[in-house]
Amino acid sequence: MNNAVTVTQVNFYIKSLLDGSQPLKNIFVVGEISNFKHYYRTGHMYFTLKDENSQLKAVMFSSYSGRLKFKPEDGMRVICRGRISVYDRDGVYQLYAEDMQPDGVGALSIAYEQLKNKLENEGLFDARYKKPLPKYPRKIGVATSNSGAAIEDIKNITKRRYPLSELVIVPTIVQGEKAPSDIVKSIQMLDRMDDVDVMIVGRGGGSIEDLWAFNSEMVARAIFECRTPVVSAVGHETDFTICDFVSDLRAPTPSAATELVVPDINHLISFIDSANNKLSELLIRRLENENQRFDFLINNSVLSNPYEYYSTYSDDIEAFRYDLVNAFNNSIKDNELILGGLAGKLDALSPLAVLSRGYGVIKNNNDTVIKAAKDLSAGEKINITLNDGTASCTVDEVIYG
């Protein structure tokens, strides 16, 4: 048939009709998400919108999906803005979504709840990870805007309450697309300073959009990984940010955070004065007590009449002296008896005692003792030691017995 057309021509024709329809170029479609798929490598999202009677395929490319403040999920009711067209290859018409908002609840509210649940399930809010604040901080790190009421309040309150502390201020972007990464950079910079004792992270008040940087996942994880205690000081009284949950302490405003971080020096001075007065009273009382004890000792002890005290022990001392002298004399007598016995034994072994009994000691000219006749020869000069002297002799003849 000469009027037959190809499938491609049909799809192209239908696509041209849909693309040329003005109402379909910028249409809002409300429905429930199903079959949701997010390809993280490309960033594209594919899903179906459905109501009680029908369904419509939809796609959101990465150039648009990257702007979403929340994560779409199956069963979520949303309003999508985009255009209706045909995908030539499959011949299927679908919604090419360029924006998506939750139906009934704001996108930021959903994003907040999603991130809060995620981090809570991971344990980032657990009390066991909360670090105590130092009582008397020497250096306080501050990550906030360098202009505005928040930083001025922090400076003024610190100077008034505790001028001993030093503020280390890191100027930080706290609003807009660049804010989350800049807040993270400031937190990490302060945490690397070993002498920073505590950190205040926050800003003044604003709308939920203004405060949104403090609901960022990267900021929450940076705070959780800090070694330094962190006080969240986002300027909102009633609402909480993710930063509040993960920090070690939450303050409703930067001013309140400063009051929580630094003590009141006037209270400390009052405490020191009170302690000084109490110590003075205790010291005076102690001195009075010791003086009373001293007076008692003077009037009622040996110090009042030392001779009387000595006399009570004089008989005991005399008895002890008598016993000591007797013991010493007896010891001398016992030792004299022992010494006499030893002297008798020594005398019995003495050579002089032997000589006194008529014996003598014979030595040659070399002063060698002659013990046997064979050691002598005729004509040899010898010396004989007797009890009362020595005789020099000459051997006439040696006779062997």
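Which residues lie nearest the centre of the second largest pocket? Tyr46, Lys57, Ala58, Val59 and Gln94 do. The structure is a predicted model.

## The second largest pocket

The second largest pocket holds about 310 Å³ of space. Its lining counts 14 residues. By class, 8 of these are nonpolar, 3 are polar and 3 are charged.

Strands feature in this lining. β1 (27-38), β2 (45-50), β3 (55-60) and β5 (92-102) each supply at least two of its residues.

## The largest pocket

The largest pocket has a volume of about 890 Å³. It is lined by 30 residues, and Leu68, Lys69, Phe70, Ala111 and Trp212 are the closest to its centre.

Helix α4 (residues 107-122) gives the most to this lining, contributing 5 residues. The lining of the largest pocket splits into 12 nonpolar, 9 polar and 9 charged residues.

## Salt bridges within helices

The whole structure contains 19 salt bridges. One of them joins Asp19 to Lys15, with the closest N and O atoms 3.2 Å apart. Both residues sit in helix α1 (residues 7-20). They are 4 residues apart, about one turn of the helix. Asp19 counts as partly exposed because its relative accessibility is 27%. Lys15 is also partly exposed, at 21%.

Helix α4 carries another such pair. Glu120 and Lys116 meet through their side chains in a salt bridge of 3.8 Å, N to O. These two residues are 4 apart in helix α4, so about one helical turn separates them. How exposed is each partner? Glu120 has a relative accessible area of 40%, which makes it partly exposed. Lys116 is at 18% relative accessibility and therefore counts as buried. The cut-off for buried is under 20%.

## Further salt bridges

Lys363 pairs with Asp367 in a salt bridge, and here the closest N and O atoms are 3.7 Å apart. Lys363 counts as partly exposed, with 27% relative accessibility. Asp367 stands at 53%, so it counts as exposed. The cut-off for exposed is over 50%.

Some charged residues go beyond a single pair. Lys118, Glu122, Glu217 and Arg221 are linked in a network of salt bridges.

## A buried aspartate

Where is Asp264 placed? Asp264 lies in the loop between α9 (254-261) and α10 (265-300). This residue is buried, yet it has no salt bridge. Which side chain of opposite charge is nearest to Asp264? That of Arg161 is, at 4.1 Å. A salt bridge requires the nitrogen to be within 4 Å of the carboxyl oxygen, so this pair does not qualify.

Asp264 does have a polar partner in the backbone. Its side chain reaches the backbone nitrogen of Asn266 at 3.0 Å. Asn266 falls within the 265-300 range of α10.

## Points to carry forward

For pocket work, the two volumes are about 890 Å³ for the largest pocket and about 310 Å³ for the second largest pocket. Charged residues number 9 in the lining of the largest pocket and 3 in that of the second largest pocket.

For charge assignment, Asp264 is a residue to inspect: it is buried and has no salt bridge. Its contact with the backbone nitrogen of Asn266 is at 3.0 Å. Lys116 is another buried charged residue, but Lys116 has a salt bridge with Glu120.

Technical notes. Residues numbered from 1 in each chain as written. Predicted model: local features only at pLDDT ≥ 70, side-chain atom pairs only at ≥ 80, totals over all residues. Heavy atoms only, no water. Buried < 20%, exposed > 50% of the residue type's maximum accessible area, 1.4 Å probe, protein only. Lys, Arg positive; Asp, Glu negative; His and termini not counted. Polar contact = N/O pair within 3.5 Å; in protein donor to acceptor, adjacent residues only side chain to side chain. 1 Å grid on protein atoms, 1.4 Å probe; cavity = no way out; pocket = protein on both sides within 12 Å on 5 of 7 lines; lining within 4 Å. Points joined across faces, edges and corners; volume = space filled by probe spheres on them. Nonpolar A, V, L, I, M, F, W, Y, C, P; charged D, E, K, R; others polar.
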